[in-house]
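User: I'm new to this one and would like a close look at a single part: the aromatic rings. Could you walk me through how they pair up, and then through the charged side chains?

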Amino acid sequence: MKHSSIVAALAGASLTGAHTIFVQLESNGVTNPVSYGIRTPSYDGPITDVTTNDIACNGGPNPTTPSDKIINVTAGSTVTAIWRHTLTSGANDVMDASHLGPTLAYLKKVDDATTDKGYGSGWFKIQEDGYTDGVWGTTKVINNEGKQAITIPECIPDGQYLLRAEMIALHGASSPNGAQFYMECAQINISGGSASKTPTTYSLPGIYKQTDPGILINIYSMGKDSTYVIPGPDPFSCSASSGGNLQSGVNVSGSTTLVTSIKAAAPSAPAAPSA
């Protein structure tokens, strides 16, 4: 058996204690309590089926608890999603280091953040961190005491949104349904936005496919200079017309990867500004 296959097998056998939950949000200089304004589960398990509604805000095998709280966020500011192994874990217990993969964040404009189901159209990506010089986005979060920095675009309309923070673990992703998706949705109210841009939006489920090159992949065949294709659309940016392309390519094999970008066939209608 090749060394990479042995490593992959061992990683796939990792204990369930390696999982993680988005438990807190830092905003406007305030670190909110655990589960405040976030639909957190009591169990830290992943979602592995990208076609289920649970890929939006978790649920299903990991039932989430509703929250009646909404967190105030200033457009243009940077908030911090805080990840922990469990709801009671400390900063030294974020996620097993073997769980390598990208970090991402999405927004969805909603009428009522406390009641919106989350799944369906309206989502746009605002942050991603994949694989750079041999270092994964998840590794950076683990080494930063579970903190994932997310900048809120200053050009979007004010109003209530769902903020979906996500980490994808790829240690078992060489097999179908082997990638592990960890995500929760925070309920936020954004103020101070200029409403000068309207992001192209997409559906969850819908933006991920099980065969995407960033989801079905053997990361143990990668070298330091390998190119990794982060799943989902390009991040939205106020400074350019972005967030309108779905990323695609072929699986990484060794240090050479063909990467392409294709226009999304059916994005959902742009979210309407709040009244």
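Analyst: Here is a walk through the ring pairs, followed by the charged contacts.

A quick note first: this is a predicted model, where local features need pLDDT of at least 70, side-chain atom pairs count only at pLDDT 80 or more, and totals for chains, interfaces and linings use all residues. Residues are numbered from 1 along each chain as its sequence is written, and side-chain values use heavy atoms, with hydrogens and water left out.

Now the rings. Rings of Phe, Tyr and Trp (its six-membered ring) pair if their centres lie within 6.5 Å; planes under 30 degrees apart are stacked, over 60 edge-to-face, and the rest tilted. That rule gives five aromatic pairs. Take Phe124 and Phe236: their ring centres are 5.8 Å apart and the planes sit at 80°, so this pair is edge-to-face. Phe124 belongs to strand β6 (residues 120-129), while Phe236 is in the loop between β12 (202-204) and β13 (245-249), so the pair ties together parts 112 residues apart in sequence. Strands here are DSSP runs (E, at least two residues), numbered from the N terminus.

Are those two rings buried or exposed? Buried means under 20% relative accessible area, exposed over 50%, and partly exposed in between (1.4 Å probe, protein chains only). Phe124 is buried at 3%, and Phe236 is buried at 9%.

Next come Tyr131 and Trp136, with ring centres 4.6 Å apart and planes at 50°, so that pair is tilted. Both Tyr131 and Trp136 are buried. Together with Tyr228, Tyr131 and Trp136 make up one aromatic cluster.

One ring has a charge for company: Lys109 lies over the face of Tyr161, 5.8 Å from the ring centre. To count, NZ of Lys or CZ of Arg has to be within 6 Å of the ring centre and within 35 degrees of the ring normal.

On to salt bridges, meaning a side-chain nitrogen of Lys or Arg within 4 Å of a carboxyl oxygen of Asp or Glu. The structure holds six. In one of them, Lys125 meets Glu128 with the closest N and O atoms 2.7 Å apart. Lys125 counts as buried, at 1% relative accessibility, whereas Glu128 is partly exposed at 27%. Another joins Lys147 to Glu26, with 3.8 Å between the closest N and O atoms. That pair links distant parts of the chain, Lys147 in strand β9 (residues 147-151) and Glu26 in strand β1 (residues 21-27), 121 residues apart.

How values were computed:
Helices (H or I, at least four residues) and strands (E, at least two) are DSSP runs, numbered from the N terminus.
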